[in-house]
Amino acid sequence: MTAIAPPVASAQRVRARPDRGRQGWVRRAPLLPALVFTIIVTQLPFLLTLWYSLQSWSLVRPGSEHFVGFANYVAVFQDSQFWTAALNTVILTVGSVLIAMLIGIGLALILDRKFLGRGIVRTLLITPFLVMPAAAALVWAGPMLDPSFGLLNYLLQPFGIHHVAWLSSHALGSVIVVMIWQWTPFMTLIVLAGLQGQPADTLEAAKVDGAGALATFRELTLPHLRPYIELGILLGSIYLVNTFDAVRLMTNGGPGTSTTNLPFYLYQQVNSAFDVGGAAATGVVTVVLTIIVATFALRMFARVFRFEEA
């Protein structure tokens with residue numbers, strides 16, 4: 001009685017599985033150094049921050065480090081200055097992002113049309129986004145907003161506005177203006193990319209049917225731009241929630257705590273109060289709140305993409 005040999009296809013399938021797994025590891029091997037480096041640079045410091053957040057450690061008292069559990073987190077939520085900083089962060093982020101997006105949409109609609117010198121205008125438009133945040137803050141704090149020789153007071157002098165201390169009387173608004181100035185080019189480029197990807201035949205059909213410019217924008221262009229607008233708002237919010245340069249160099253968190261946001265509040269806890277444990281706990285809470293907001297925004301954005309594809 002002869003033994004029945006297994007089918008050739010089944011044997012090839014059995015041999016193919018380890019080969020596929022080996023090929024997958026071969027493809028991923030070049031990425032392992034980058035993955036290890038990312039873990040060392042990002043995750044290990046975060047784990048160390050978690051450990052510090054459970055300690056009571058003041059830099060002015062060497063050897064005072066001891067375990068206190070979640071006491072630092074309780075102190076964070078009971079600190080009124082933390083909630084003030086959180087509110088200022090929300091106002092600064094939401095105000096800057098929304099206004100920059102509205103201005104960006106208007107500029108993108110202008111730049112989408114053909115006119116003489118459009119390339120030069122586009123190049124000049126993106127320059128604020130290329131300026132270092134620290135340099136931009138110093139330029140605005142001195143030559144632009146200085147109460148005595150600032151350019152803004154000089155331009156407003158014919159209207160009866162002069163010698164206004166913008167960084168004292170309108171501190172948070174001044175910081176928001178600088179953020180808008182820096183991030184409007186970014187929003188403009190994203191919306192402009194969306195406009196240039198809009199099908200021309202759809203616009204021609206709407207024009208042939210007698211639709212006006214406003215109706216065409218409301219019914220066709222704006223729905224087409226929706227993913228691009230939400231992408232710009234999402235990316236701008238992620239970056240602007242970490243604003244530190246402008247607050248530190250323009251107002252130093254003042255007057256009082258009127259411009260203190262969460263990054264500057266963390267800076268104060270370490271460099272003024274020397275409270276490492278409290279600063280670590282505040283940082284962890286800030287990271288968790290940011291992750292929650294970013295996750296919600298990303299899910300909403302994914303639903304929008306699915307809706308647009310459908």
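These are my notebook entries on a predicted model of one protein chain.

**Entry 1. Overall composition**

I began with the secondary structure and found 15 helices and two strands in the protein chain. I then looked up burial: of the 310 residues, 33% count as buried. The accessible surface comes to about 19,200 Å². Carbon and sulfur atoms hold 70% of that surface. For the contacts with a separation of 6 or more, I noted that 66% join residues 24 or more positions apart.

**Entry 2. The nonpolar cores**

Which residues touch the most other members of the largest nonpolar core? I found Leu 92, Val 191 and Met 250 in that role, in a core of 35 residues. I next listed the elements that give two or more residues to this core: H4 (80-111), H7 (133-144), H9 (166-169), H10 (171-196), H12 (213-240) and H13 (245-251). H10 supplies the largest share, 13 residues. Apart from this core I recorded another one, of 11 residues, which includes Leu 54, Ala 85, Tyr 265 and Val 284.

I followed Met 250 further. With neighbours within four places in sequence left aside, Met 250 is in contact with Ala 137, Trp 140, Ala 141 and Leu 145, among others. Its list of contacts also includes Leu 167, Ser 174, Val 175 and Val 178.

**Entry 3. Helix H7 and its partners**

I looked up which residues of H7 are buried, and found Ala 136, Ala 137, Trp 140, Ala 141 and Gly 142. The buried residues of H7 pack against H9, H10 and H13. I noted for the spacing that an α-helix has 3.6 residues a turn, so residues three or four places apart point the same way.

How do I describe a pair of packed helices? The description uses the angle between their axes and the distance between the axes. For H7 and H10 I recorded an angle of about 130° and axes 11 Å apart. H7 is therefore oblique to H10, because this angle falls outside the ranges for roughly parallel, roughly antiparallel and roughly perpendicular. The crossing of H7 past H10 is right-handed. On the H7 side, the contact is made by Pro 133, Ala 136 and Trp 140. On the H10 side, Val 177, Val 178, Trp 181 and Gln 182 take part.

**Entry 4. Helices H4 and H10**

I then turned to H4 and H10. Their axes come within 6 Å and cross at roughly 40°. That angle makes H4 oblique to H10. This crossing, too, I entered as right-handed.

**Entry 5. Backbone exceptions**

I kept in mind that most residues other than glycine have a negative phi, and that most peptide bonds are trans.

Which peptide bond did I enter as cis? It is the bond from Gly 254 to Pro 255, with omega near -5°. Pro 255 sits in the loop between H13 and H14 (262-271).

Asn 252 lies in the loop between H13 and H14. The phi of Asn 252 is near 55°, a positive value in a residue other than glycine. Is Asn 252 buried, exposed or partly exposed? At a relative accessible area of 41%, Asn 252 is partly exposed.

I also found a positive phi at His 163, again near 55°. His 163 belongs to the loop between H8 (151-156) and H9. I recorded His 163 as exposed, because its relative accessible area is 56% and the limit for exposed is over 50%.

**Entry 6. Phe 77 and Leu 266**

I looked up two residues for their partners along the chain. Phe 77 is in H3 (residues 71-78). With a relative accessible area of 41%, Phe 77 is partly exposed. Its C-alpha atom is separated by 8.9 Å from that of Thr 282, although the two residues are 205 residues apart along the chain. Not counting residues up to four places away in sequence, Phe 77 touches Trp 83 and Val 285.

Leu 266 is in H14. I entered Leu 266 as partly exposed, because its relative accessibility is 23% and buried means under 20%. The C-alpha atoms of Leu 266 and Gly 278 are separated by 8.8 Å, with these positions 12 residues apart along the chain as the separation. Leaving aside neighbours within four places in sequence, I found Leu 266 in contact with Ala 279, Thr 282 and Gly 283.

How values were computed. Residues numbered from 1 in each chain as written. Predicted model: local features only at pLDDT ≥ 70, side-chain atom pairs only at ≥ 80, totals over all residues. Heavy atoms only, no water. Core = buried A, V, L, I, M, F, W, Y, C linked by side-chain atoms within 4.5 Å. Buried < 20%, exposed > 50% of the residue type's maximum accessible area, 1.4 Å probe, protein only. Helix = DSSP H or I, 4+ residues; strand = E, 2+ residues; numbered from the N terminus. Contact = heavy atoms within 4.5 Å. Areas by Shrake-Rupley, 256 points an atom, 1.4 Å probe, with all protein chains shown as cover. Axes fitted to C-alpha atoms, helices over the stretch in contact; angles between N-to-C directions. Parallel < 35°, antiparallel > 145°, perpendicular 65-115°, else oblique. Left-handed = near helix turned anticlockwise from the far one by under 90°.
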